[in-house]
Amino acid sequence: MTRILGIETSCDETSAAVLEGKGDQVAQKSLVILSQDVHRVFGGVVPEIAARAHLTSIVPVVERAIEEAGIKLDDLDAVAVTNTPGLVGALLVGVSYGKALAFSRGIPLLGIHHMEGHLFAAALEHRDAVPPFTALLISGGHTLLLDVEAWGKYRLLGATRDDAAGEAFDKVAKLLGLPYPGGRYVEQLAREGKPKRLRGSKNIEADKADIARAFQDSLIDTLVEKTWRAANAFSRQHVVLGGGVACNRTLAAAMRTRFEPEGMTVFTPSPRLATDNAAMIARAAFYRFEQGERAGLDLNAYASSPIPGLVAA
Ligand code: KG4
Ligand code: ZN
């Protein structure tokens, strides 16, 4: 049995988690997520403030994760930390802390790609959310449509061209005067909107709910259709969603309506695991650790880089 500490500081949550197990049999022993509310007043994440906030919270967050797991630092077999993609200053806090911990305990260090973490999140709660499957990762910064033949073997079928799904939700929210991050407020408002009523609004305030509805409908239609084509192209029976936008219940319902009548299954992580968290990082690390992967103490943070394990489409 292996015990891994996961650390996530890529954006505005400071998170740590302890997982133990082997292969796809991995149990979550603890998960602590500290969300930085300070950014709300700015209507978006301020990188420098995020990095400083990680600095003050990383030690207590990790201590709490260790304590909740009922273990000691000495019981850890490895430390896994998100090192890309994300805000470099924010990432560096987790990376530096992870390096120091791994070095001082004499245990292996792993650098994990944040989006690969999102890919593994559903597997923490659903034993069948393991390859092969079609994956739709929809977060604040990235949209990725992947065919996952096996862990570590990903065919990229589609990706963000400009704004990721979450970013689009957040921008629409901002236009409609909703709080940041706005995805869930757009979803709430869209419930009151009338479908397809809008043909160019002259009064945003009066048409708010209809605008939210029209935007969300078109985003969902597109994502469902592309995921449908991807699953069929590779004859996959399972679809796995991940990333903050996977919290959108209207989207999840639309996916199920499309896939389930064909005997296909759609897996979504619960909201705590769909949004940024360290459990998904530790979960992805189990796979990488068992593959024999180890990071050196020269591990660096990168604002962007492709998900590892891409094979030709
Ligand atoms: O994966 P995540 O926690 O962070 C990144 O890696 O970016 O995703 C955050 C994104 C935000 O854009 C947020 O508005 C969106 O997830 N989000 C939602 C919902 N809940 C969170 N978008 C649509 N509907 C929701 N219910
Ligand atoms: Zn994320």
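This report describes the metal site, the ligand pocket and selected residues of a predicted model.

## The zinc site

The zinc ion (ligand 2) is held by protein atoms from His114, His118 and Asp276: NE2 of each histidine and OD of the aspartate coordinate the metal, at 2.0 to 2.1 Å. Along the chain, these donors of the zinc ion (ligand 2) follow the spacing H-x3-H-x157-D. The two histidines belong to helix H3 (residues 114-121), and because His114 and His118 are four residues apart in that helix, about one helical turn separates them.

The geometry of the site is irregular, with angles of 95 to 140 degrees among the four donor atoms of the zinc ion (ligand 2). Four donors count as tetrahedral only if all angles lie between 85 and 135 degrees, so the upper end of the range, 140 degrees, excludes that label here. For reference, the ideal angle for four tetrahedral donors at a metal is 109.5 degrees.

Both histidines are covered by the protein. His114 has a relative accessible area of 5% and is therefore buried, and His118, at 0% relative accessibility, also counts as buried.

## The pocket of ligand 1

Around ligand 1 there are 20 residues, of which Gly140, Asp170, Glu187, Gly244 and Asn248 come nearest. Classified by residue type, this shell has four nonpolar, twelve polar and four charged members. Three helices, namely H3, helix H4 (165-175) and helix H5 (183-190), each supply at least two residues of the shell around ligand 1. Helix H3 thus appears in the description of both ligands: H3 contains His114 and His118, and H3 also contributes to the shell of ligand 1.

Polar contacts to ligand 1 involve backbone as well as side-chain atoms. An oxygen atom of ligand 1 lies 2.7 Å from a polar backbone atom of Gly140, and an oxygen atom of ligand 1 lies 2.9 Å from a polar backbone atom of Gly244. On the side-chain part, an N or O atom of Asn248 is 3.0 Å from a nitrogen atom of ligand 1. Taken alone, ligand 1 exposes 560 Å², and the protein buries 88% of that area.

## Selected residues in helices and loops

Helix H4, which supplies residues to the shell of ligand 1, also contains Ala173. Ala173 has a relative accessible area of 0% and is therefore buried. Ala173 and Arg184 are eleven residues apart in sequence, and their C-alpha atoms are 9.1 Å apart in space.

The loop between H4 and H5 contains Leu176, which counts as buried at 4% relative accessibility. Leu176 and Ala209 are 33 residues apart along the chain, and 9.0 Å separates their C-alpha atoms.

Asp210 is part of helix H6 (residues 204-233). With a relative accessible area of 6%, Asp210 is buried. A polar atom of the Asp210 side chain lies 2.7 Å from the backbone nitrogen of Lys194.

Ala301 is placed in the loop between helix H9 (278-290) and strand E11 (310-311). Although this residue lies in a loop, Ala301 counts as buried, at 8% relative accessibility. The C-alpha atoms of Ala301 and Gln216 are 34 Å apart, with their positions 85 residues apart along the chain.

## Backbone features

Two cis peptide bonds are listed below, each leading into a proline.

| Cis peptide bond | Omega | Place of the proline |
|---|---|---|
| Thr84 to Pro85 | about -20 degrees | Pro85: loop between strand E4 (78-84) and helix H2 (88-105) |
| Pro131 to Pro132 | near 0 degrees | Pro132: loop between H3 and strand E6 (133-138) |

A further backbone feature is found at Ser235, which has a positive phi of about 50 degrees although it is not a glycine. Ser235 lies in the loop between H6 and strand E9 (238-242). The relative accessible area of Ser235 is 59%, so this residue is exposed.

How values were computed. Residues numbered from 1 in each chain as written. Chains lettered and ligands numbered in written order. Predicted model: local features only at pLDDT ≥ 70, side-chain atom pairs only at ≥ 80, totals over all residues. Heavy atoms only, no water. Donors = N, O, S within 2.8 Å, 3.2 Å for Na, K, Ca; no water. Tetrahedral: all angles 85-135°; square planar, octahedral: opposite > 155°, others 65-115°. Buried < 20%, exposed > 50% of the residue type's maximum accessible area, 1.4 Å probe, protein only. Near = heavy atom within 4 Å. Polar contact = N/O pair within 3.5 Å; in protein donor to acceptor, adjacent residues only side chain to side chain. Areas by Shrake-Rupley, 256 points an atom, 1.4 Å probe, with all protein chains shown as cover. Nonpolar A, V, L, I, M, F, W, Y, C, P; charged D, E, K, R; others polar.
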